[in-house]
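Trainee: I am new to this structure and should like to be guided through it. May we proceed by question and answer?

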Amino acid sequence: MGRIHVDYDKCEGLGMCEAMASDYFELDDDEQMHVLAEEVPGADRARVNAAVQACPVLALTLE
Ligand code: SF4
């Protein structure tokens, strides 16, 4: 189990996270990113971690 943390001061709404894991990250029409599920079960951890690593401004961490 992991937990997604977002630094919204860093997030620029670039959408890499959504592209890689759209069931966890979603951009709205104003390019504001929303986390759809903060808790990440072990089965999804590698996939969500890849999305976290893809953020170009390092706004995401998986704790
Ligand atoms: S990839 Fe990073 S900057 Fe882009 S929406 Fe996701 S958290 Fe924000």
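**Sheet, core and ligand shell**

Mentor: In this predicted model, three strands form an open sheet in the order S4-S1-S5, with antiparallel pairing. Strand S4 (39–40) and S5 are the edge strands, each pairing on one side only.

Trainee: How many bridges join S1 to S5?

Mentor: S1 and S5 run antiparallel. Within this pairing, His5 has Thr61 in S5 as its bridge partner. The number of bridges that join S1 to S5 is three.

Trainee: Which residue in S4 stands opposite Arg3?

Mentor: Strand S1 (residues 2–6) pairs with S4 in the antiparallel sense, over two bridges. Opposite Arg3, in S4, stands Glu39.

Trainee: At about what angle to S5 does H2 run?

Mentor: Helix H2 covers residues 45–54. H2 lies across S1, S4 and S5. Its angle to S5 is about 155 degrees.

Trainee: Which helix gives the largest share of the largest nonpolar core?

Mentor: The largest nonpolar core has 12 residues, among them Ile4, Cys17, Tyr24, Phe25, Met33, Val48 and Leu60. The largest share of this core is three residues, and they come from helix H2. In soluble globular proteins, nonpolar side chains tend to be buried together. The helix asked for is H2.

Trainee: Is Met33 buried or exposed?

Mentor: Met33 lies in strand S3. A residue counts as buried if 20 or more other C-beta atoms lie within 10 Å of its own. Because Met33 has 20 other C-beta atoms within 10 Å, Met33 is buried.

Trainee: How far apart in space are Met33 and Leu14, C-alpha to C-alpha?

Mentor: Leaving aside neighbours within four places in sequence, Met33 is in contact with Cys11, Gly13, Cys17, Phe25 and Leu27. Met33 and Leu14 are 19 residues apart in sequence. Their C-alpha to C-alpha separation in space is 8.8 Å.

Trainee: With which residues is Phe25 in contact, leaving aside its neighbours within four places in sequence?

Mentor: Phe25 is one of the residues of the largest nonpolar core. Under that restriction on sequence neighbours, the contacts of Phe25 are Cys17, Glu18, Met33, Val35, Leu36 and Ala51.

Trainee: Is Glu31 buried or exposed?

Mentor: Glu31 is placed in the loop between strand S2 (25–27) and strand S3 (33–35). Its phi is positive, about 60 degrees, although Glu31 is not a glycine. Because Glu31 has 11 C-beta neighbours inside 10 Å, it counts as exposed.

Trainee: Where is Leu58 placed?

Mentor: Leu58 has a phi near 55 degrees, a positive value in a residue other than glycine. With 11 C-beta neighbours inside 10 Å, Leu58 counts as exposed. Its place is in the loop between H2 and strand S5 (60–62).

Trainee: How many nonpolar residues does the shell around the ligand have?

Mentor: The ligand is surrounded by 13 residues, and the closest are Cys11, Leu14, Met16, Cys17 and Cys55. The shell has two polar residues and one charged residue. The number of nonpolar residues in the shell is 10.

How values were computed:
Residues numbered from 1 in each chain as written. Predicted model: local features only at pLDDT ≥ 70, side-chain atom pairs only at ≥ 80, totals over all residues. Near = placed C-beta within 6 Å. Nonpolar A, V, L, I, M, F, W, Y, C, P; charged D, E, K, R; others polar. Core = buried A, V, L, I, M, F, W, Y, C linked by C-beta atoms within 7 Å. Helix = DSSP H or I, 4+ residues; strand = E, 2+ residues; numbered from the N terminus. Contact = placed C-beta atoms within 7 Å. Pairing = 2+ DSSP bridges. Axes fitted to C-alpha atoms, helices over the stretch in contact; angles between N-to-C directions.
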